[in-house]
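The exercises below ask you to read a helical packing arrangement from a model, one step at a time. Please look at the sequence and the structure before turning to the solutions.

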Amino acid sequence: MRLVGVLLALAGWLLPLVALSLTQSTGGRFVATVLGIIISLVGILGVLNKAHLEHAIWKKG
């Protein structure tokens, strides 16, 4: 689960970088950047946070 979250965060970061070479239009780059931010946030706040809360230190006992 952690690996999926890290891969999503990495994919969200790489998407705008790839879009720089794919399109010259500002609108296309903007859309790719917004999608990259959304993908990164889902990976970090959704997947990684959920995986962390499942194995949190205060839940062991």
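With a relative accessibility of 19%, Ala-9 counts as buried, where buried means under 20% relative accessible area, exposed over 50% and partly exposed in between, computed with a 1.4 Å probe on protein chains only. The model is predicted, so that local features need pLDDT of at least 70 and side-chain atom pairs count only at pLDDT 80 or more, whereas totals for chains, interfaces and linings use all residues. Residues are numbered from 1 along each chain as its sequence is written, and side-chain values use heavy atoms, with hydrogens and water left out.

**Exercise 1. Place Ala-9 in its helix and find what it touches.**

Step one: Ala-9 belongs to helix H1, helices (H or I, at least four residues) being DSSP runs numbered from the N terminus. Step two: not counting residues up to four places away in sequence, Ala-9 touches Ser-40, Gly-43 and Ile-44, contact meaning heavy atoms within 4.5 Å. Step three: Ala-9 and Leu-48 are 39 residues apart in sequence, and their C-alpha atoms are 9.3 Å apart in space.

**Exercise 2. Check the length of H1 against the span expected for its 21 residues.**

Step one: the expected span is 1.5 Å times one less than the number of residues. Step two: for the 21 residues of H1 (residues 2-22) this gives 30 Å, and because the end C-alpha atoms are 30 Å apart, the two values agree.

**Exercise 3. Work out which helix the buried residues of H1 pack against, and how the two helices are oriented.**

Step one: the buried residues of H1 are Gly-5, Ala-9, Gly-12 and Ala-19, and they pack against helix H2 (26-54). Step two: H1 and H2 pack at an angle of about 170°, with their axes 8 Å apart; the axes are lines fitted to C-alpha atoms, for helices over the stretch in contact, and angles run from 0 to 180 degrees between N-to-C directions. Step three: H1 and H2 are therefore roughly antiparallel to each other, the term used for angles over 145 degrees.

**Exercise 4. Describe the surroundings of Ser-40.**

Step one: Ser-40 lies in helix H2 and, at 15% relative accessibility, counts as buried. Step two: leaving aside its neighbours within four places in sequence, Ser-40 is in contact with Leu-8, Ala-9, Gly-12 and Trp-13. Step three: a polar atom of the Ser-40 side chain lies 3.4 Å from the backbone oxygen of Ala-9. Step four: although Ser-40 and Trp-13 are 27 residues apart in sequence, their C-alpha atoms are 6.7 Å apart in space.

**Exercise 5. Decide whether Met-1 is buried or exposed, and do likewise for Ile-38.**

Step one: Met-1, found in the segment before H1, counts as exposed at 53% relative accessibility. Step two: Met-1 nevertheless touches Val-47 and Ala-51, not counting residues up to four places away in sequence. Step three: Ile-38, found in helix H2, is partly exposed, with a relative accessible area of 46%. Step four: the C-alpha atoms of Ile-38 and Gly-12, 26 residues apart in sequence, are 7.3 Å apart in space.

Technical notes: Parallel < 35°, antiparallel > 145°, perpendicular 65-115°, else oblique. Polar contact = N/O pair within 3.5 Å; in protein donor to acceptor, adjacent residues only side chain to side chain.
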